[in-house]
Amino acid sequence: MVHFLHPGLSPRNIVPPDAQKDALGCCVVQEEASPYSLVNICLNFLIANLEKLCSERSDGTLCLPEHWSFPQEVADRFLGVMTWQGKLTDRTASIFQGNQMKLKLVNIQKAKISTAAFTKAFCHHKVIELDATAVHTDLPIPDIISGLCSNSWIQQNLRCLLLDSTSIPQDSRLLFFGQLTGLRVLSVFNVCFHSEDLANVSQLPKLESLDISNTMVTNISALLACKDRLKSLTMHYLKCLTMTKPQILAVIRELKCLLHLDISDHRQLKSDLAFHLLQQKDILPNVVSLDISGGSCITDGAVELFVRQRPAMQFVGLLATDAGYSDFFTTKQGLRVAGGANMSQISEALSRYRNRSCFMKEALYRLFTETFSMQVTMPAILKLVAVGMRNHPLDLPVQFTASACALNLTRQGLARGMPVRLLSEVTCLLFKALKNFPHYQQLQKNCLLSLTNSRILVDVPFDRFDAAKFVMRWLCKHENPKMQTMAVSITSILALQLSSEQTAQLKEELFMAVKELLAIVKQKTTENLDDVTLLFTLKALWNLTDESPAACSHFIENQGLAIFIQVLENNIAEVRELSSKLVTEDVVKHISSLLHSKEMEVSYFAAGIIAHLTSDTQPWMSHDLQRSALLQDLYATIQNWPSSSCKMTALVTYRSFKAFFPLLGNFSQPAVQLWALWAMYHVCSKNPSKYCRMLVEEEGLQFLCDIQEHSEADAQAQRIATSILDDFRMHFMNYQRPSLC
């Protein structure tokens, strides 16, 4: 169970830097690559089905079944997962009422719950740590304190209280922390917390760690009241201080028990407090952690001298300063540095400053330059990038720079060494950034570039429907040729991964995409360019129109027939209601000529269109066309084809065999039946694991058995049907299977 310890007091600080770095990398790989724990699987299931499993009280809140009881550690984790997933509300928080749950470590970060719900659900438990960071304004700090103080046990035993970025009503006066006499750790970062509140807090008898960063404190003299017990003081970006630097240093000098001090600041403010502190010899004798990131006039020499005088030091923060570049900081045993000089320092900065956007963007920028030519897989670093993106979703510089870093860390073959779960998290965060910043083009480009990675596009779970919408919109922006090629290639693969129902739901995006793809084909045809963009475009059209009447209709509406010579890889002929529009003298004449192409792929796809068109007699009744001659030509052409297991340059793939079944049952037209069998045997021999399973799931085996046994079936058709069934039996020979025929 993770406790909410202050960074300066964390056990992690005593781990040697090299061991810590190695341990972090191994830990990330193991965690992200391992299956989810049974506890997490169970908790996720419970949370997903909470409405079904719980009864409802008269006030509309949920109630656990009476016989349920959770051990304390499981209850703590259950609450943490609910909070993480954004499922903690007034309605769901009520399950923590009563004694079925026994909580100690309460995490309600960013939750939207009311004061009443908070008090009823959590304030009767024996809580020792509460993280209420950035909770909704419905639960302000005075109400949190009041609720906690309603329980005398909590008053005496609550050890840790995190209230970062939590609201205080404008009419609120002094915050009465004084009743929480057991409090050891308090954080009010980015809170409307005043000097009077600091005076109140400084009287707490057991206070050891305090974070007053970015508050309204103007005078820190009240800290002298706890000088004999305060071990950790964080006052990053204390912008309202009115004290002179000698006055501030005089207070710090008295805090002789301090082990951790953070006086870091925004680089733009050019604060020289840290510069003056480093000149002091009689200050902070016991300090092991000093953070002066963002300070001005900081030099390697001054920091080195300060650290040498305090040999017990384990950490120094130097990001966004001019220090950290000398050999001392890489050779000093046991000293960790958060800075920008090398990967070790950048990693430490990303980890330590995950909640500070000003330093996160600085560390990410340094990481981008450091990883521009990265050749080593670094999952631990990518995880830290993901944490930064998740913690600052509305900070554009963080999101943009993080997206660029993610590209560097996953480019080319690096993604193959990354755990799938980690890649999934990063990809989902990229799409979340797109939604938050829909008009920032460079961020969109970075997201598009990430999807060109075959490892991500094929193996990684993410919302492919949203991805398809984004890529199709981008496709229609008429970007430069390189970006257009990427968008087309991604569309061709995503289209194959969408179900027919999802493709139909694309609506406007689908119409615009088909129109744009046809425009690309027309342009390439006019310019007589046979390049990779044309190949991807043809594949995209093929996959979009596969079992999608809507896409086929868009194809017809956008004059697709006029340029269909370039789009033989589409599946329009399979849609029966559109067949009549294809059965024209010019179209059929041209398809017939393509049937005799020397290119096997061209002949194959032309034969497929003819097979589908001629299988339906209705469109031919009103046209004086030689359907029988076309069927004879089709039959003769297939006879001259090589074996069905031959290799074709174009990748032939099918989402389903269902469009083939009417052709397989057409014994009056052996040419039609023969083409369908040849096509099925071709893909089954190339990818048996996919297509043999498809035969079973779609109940296609019976059609093959019928052909095999039919007395009037064509002899070659029977041979191919038998070959498919034989291959099927070979593929599943290690499994118990029913009789095929």
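In this predicted model, the largest nonpolar core holds 96 residues, and the members that touch the most others are Phe 78, Phe 96, Ile 108, Phe 122, Phe 177 and Ile 220. Ile 220 can serve as an entry point: once its neighbours within four places in sequence are set aside, it is in contact with Leu 198, Ile 212, Met 235, Leu 238, Leu 241, Met 243, Ile 248 and Val 251. A second core, separate from this one, has 73 residues, including Phe 315, Leu 350, Met 418 and Phe 470. Nonpolar side chains tend to be buried together in soluble globular proteins.

Across the whole chain, 54% of the 741 residues count as buried, and the secondary structure consists of 35 helices and 12 strands. Among the contacts with a sequence separation of 6 or more, 69% are between residues 24 or more positions apart. Two pairs illustrate such long-range proximity in numbers: Leu 534 and Thr 485 are 49 residues apart in sequence, with 8.7 Å between their C-alpha atoms, while Lys 270 and Thr 321 are 51 residues apart in sequence, with 10.0 Å from C-alpha to C-alpha. Leu 534 belongs to helix α25, residues 532–545, and counts as buried because its relative accessibility is 6%. Lys 270, by contrast, sits in the loop between β9 (260–262) and α11, and counts as exposed because its relative accessibility is 63%.

The next element to follow is the sheet. It is open and built from 10 strands, which run in the order β3-β4-β5-β6-β7-β8-β9-β10-β11-β12 with parallel pairing. The edges are taken by β3 (105–107) and β12 (336–338), and each of these has a single partner strand, so one side of each is left without a neighbour in the sheet. On average, neighbouring strands of this sheet are turned by 5° against each other, direction ignored. Within the sheet, β6 (residues 185–187) and β7 (residues 209–211) pair in the parallel sense over 3 bridges, and Val 185 stands opposite Ser 209 in β7. In general, the strands of a sheet pair through backbone hydrogen bonds, either parallel or antiparallel.

Two loop residues deserve a look for their backbone geometry. Most residues other than glycine have a negative phi. Asn 190, however, has a positive phi of about 60° although it is not a glycine; this residue is found in the loop between β6 and α9 (195–201), and its relative accessible area of 37% makes it partly exposed. Leu 284 likewise has a positive phi, of about 55°, without being a glycine. Leu 284 lies in the loop between α11 and β10, but it is buried, with a relative accessible area of 1%.

Past β10 (289–291), the loop that leads to α12 (300–308) contains Ser 293, which is buried, with a relative accessible area of 0%. A polar atom of the Ser 293 side chain lies 3.3 Å from the backbone nitrogen of Leu 318, and the backbone nitrogen of Leu 319 lies 2.9 Å from a polar atom of the side chain of Ser 293. Not counting residues up to four places away in sequence, Ser 293 touches Ser 264, Asp 265, Gly 317, Leu 318, Leu 319, Thr 321, Ala 338, Tyr 353 and Phe 359.

Helix α12 itself has Asp 300, Ala 302, Val 303, Phe 306 and Val 307 as buried residues. These residues cover an arc of only 170° around the axis, which puts them on the same side of α12. Residues three or four places apart in an α-helix point the same way, because there are 3.6 residues a turn. The partners against which the buried residues of α12 pack are α11 (273–278), β10, β11 (315–317) and α13 (328–331).

A comparable arrangement can be traced in helix α34 (residues 701–709), whose buried residues are Leu 701, Leu 704, Cys 705 and Ile 707. Viewed down the axis of α34, they fall within an arc of 160°, so they line one face of the helix. The elements that cover these buried residues include α31 (661–664), α32 (670–686), α33 (688–697) and α35 (715–731).

Technical notes
Residues are numbered from 1 along each chain as its sequence is written. This is a predicted model: local features need pLDDT of at least 70, side-chain atom pairs count only at pLDDT 80 or more; totals for chains, interfaces and linings use all residues. Side-chain values use heavy atoms; hydrogens and water are left out. Helices (H or I, at least four residues) and strands (E, at least two) are DSSP runs, numbered from the N terminus. Buried means under 20% relative accessible area, exposed over 50%, partly exposed in between (1.4 Å probe, protein chains only). A polar contact is a pair of N or O atoms within 3.5 Å; within protein, one must be able to donate a hydrogen and the other to accept it, and residues adjacent in sequence count only if both atoms are side-chain atoms. Contact means heavy atoms within 4.5 Å. The arc is that of the directions from the helix axis to the C-beta atoms. A nonpolar core is a set of buried Ala, Val, Leu, Ile, Met, Phe, Trp, Tyr and Cys residues joined through side-chain atoms within 4.5 Å. Two strands pair if DSSP finds at least two bridges between them. Axes are lines fitted to C-alpha atoms, for helices over the stretch in contact, and angles run from 0 to 180 degrees between N-to-C directions.
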